[in-house]
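Look at the model below and follow the account from its surface to its helices.

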Amino acid sequence: MKPIGEIEEDLANKTEPLLGFRPSSKFKRGPIGILIYVICGIITLFTLFRSGVI
C-alpha cells in the first residue's frame, strides 16, 4: 500500500490541470479550508435533518 502522503501527491498532480492550481495540505489546514469544511458540515447536517435520518 502507498503511504497517505504519496496518494495525496498523486491526487494533487491529477487535479492541478482541472483546478488551475495545485491543492495541498496547507490549503486544507488554512482558514479557507476550515471554512469550507464547516460549510459542508452544516449542509450535511441540514440535509440529514430534512430527510429524517437524525
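On the surface of this predicted model, Leu45, Phe49, Val53 and Ile54 make up a nonpolar patch with about 420 Å² of accessible area together. A patch takes residues with over 30% relative accessible area and no salt bridge, joining like charges within 9 Å and nonpolar side chains (Val, Leu, Ile, Met, Phe, Trp, Tyr) within 5 Å. A salt bridge is a side-chain nitrogen of Lys or Arg within 4 Å of a carboxyl oxygen of Asp or Glu. Areas come from the Shrake-Rupley method with a 1.4 Å probe, and for residues only the protein chains shown count as cover.

Leucine 45 sits in helix α3 (residues 31-51). Its relative accessible area is 43%, so leucine 45 is partly exposed, the class between buried (under 20%) and exposed (over 50%), with a 1.4 Å probe and protein chains only.

The protein chain has three helices and zero strands; these are DSSP runs numbered from the N terminus, H or I of at least four residues for helices and E of at least two for strands. Helix α1 (residues 4-19) has 16 residues and should span 22 Å at 1.5 Å a residue, which agrees with the 21 Å between its end C-alpha atoms; the expected span is 1.5 Å times one less than the number of residues. Within α1, asparagine 13 marks a kink of about 25°, shortly before proline 17. Just after α1, glycine 20 has a positive phi of about 90°.

Of the chain's 54 residues, 7% count as buried.

Residues are numbered from 1 along each chain as its sequence is written. Local features need pLDDT of at least 70 and side-chain atom pairs pLDDT 80 or more, while totals for chains, interfaces and linings use all residues, and side-chain values use heavy atoms, without hydrogens and water.

Technical notes: The bend at a residue is the angle between axes fitted to the seven residues ending there and the seven starting there.
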